[in-house]
Amino acid sequence: MKKTCTANINGVVFNIDEDAYQLLNDYLKSVRKQFDNEREPGDVMQDIEDRIAELLRDRMSSPYAVITINDVRYVISVMGNPSDFSEDPDQYVKSQHRKLYRNPDDKVLGGVCSGLGVYFNMESWIVRVLFIIFVAVGGAGGLIYLILWLVVPEALTSSQKLEMQGKPVTLDNLINSAKAEFNNLKDRVKRR
């Protein structure tokens, strides 16, 4: 017989074995330690916990299933250990399936052209020029843009931005993404 407890991971409640809880808690503590000496945006831990909750939900066979230590080990193997971090941002260049999102970081109107550029691995200005040509030729470009703006979601979280680029949502990539966003924010503040 094993003792179980309830854990709330980023707003999702899980029934979890006591040993699995301890391993996950230790893992999250070691991840938080990575931020002790750095000034990172606070939503990185939220993105990490969101990804952990997503991976655990995928492993559950029913809403009442209990998370075991094997489930937590699987999550850690997918996310990566904090001790395995490298300073090389191109470590995970291996591409996985990209998801189409509107890109809020390089948008002129709604981020549709920039999102399509990232999705098809093209410069966003090329996609913008193509839309302008379609508008000039027959007006269909404007209608297509409007439909895409309404249908395609905007990449708001770090996880979504990684998925948009085709990068795996791992701990290392989330932290590197947060560092890049923080540096971009610093640069924008300096320019003003």
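A charge sits over a ring if NZ of Lys or CZ of Arg is within 6 Å of the ring centre and within 35 degrees of the ring normal. In this predicted model, arginine 59 offers an example: arginine 59 lies over the face of tyrosine 74, at 4.3 Å from the ring centre.

Rings also meet other rings here, and the structure holds three aromatic pairs. One of them joins tyrosine 119 and phenylalanine 120 edge-to-face, with 5.0 Å from centre to centre and 90° between the planes. Tyrosine 119 counts as partly exposed because its relative accessibility is 32%, whereas phenylalanine 120, at 51%, counts as exposed. Another edge-to-face pair is made by phenylalanine 131 and tyrosine 145, whose centres are 5.6 Å apart and whose planes are at 90°. This pair links distant parts of the chain, since phenylalanine 131 belongs to helix α5 and tyrosine 145 to helix α6 (residues 140-151), 14 residues apart. Both phenylalanine 131 and tyrosine 145 are buried. Together with Trp149, Phe131 and Tyr145 form one aromatic cluster.

A further feature is found on the surface. A nonpolar patch is formed there by Tyr119, Phe120, Met122, Trp125, Val129, Leu130, Ile133, Phe134 and Val137, which together have about 900 Å² of accessible area. Helix α5 (residues 124-137) supplies six residues, the largest share of the patch. Valine 129 is a patch member that lies in helix α5. With a relative accessibility of 38%, valine 129 counts as partly exposed, because that class lies between buried, under 20%, and exposed, over 50%. Helix α5 thus holds the partly exposed valine 129 as well as phenylalanine 131, which is buried.

How values were computed
Residues numbered from 1 in each chain as written. Predicted model: local features only at pLDDT ≥ 70, side-chain atom pairs only at ≥ 80, totals over all residues. Heavy atoms only, no water. Patch = residues over 30% accessible without salt bridge, like charges linked within 9 Å, V, L, I, M, F, W, Y side chains within 5 Å. Areas by Shrake-Rupley, 256 points an atom, 1.4 Å probe, with all protein chains shown as cover. Salt bridge = Lys/Arg side-chain N within 4 Å of Asp/Glu carboxyl O. Helix = DSSP H or I, 4+ residues; strand = E, 2+ residues; numbered from the N terminus. Buried < 20%, exposed > 50% of the residue type's maximum accessible area, 1.4 Å probe, protein only. Phe/Tyr/Trp six-rings, centres within 6.5 Å; stacked < 30°, edge-to-face > 60°.
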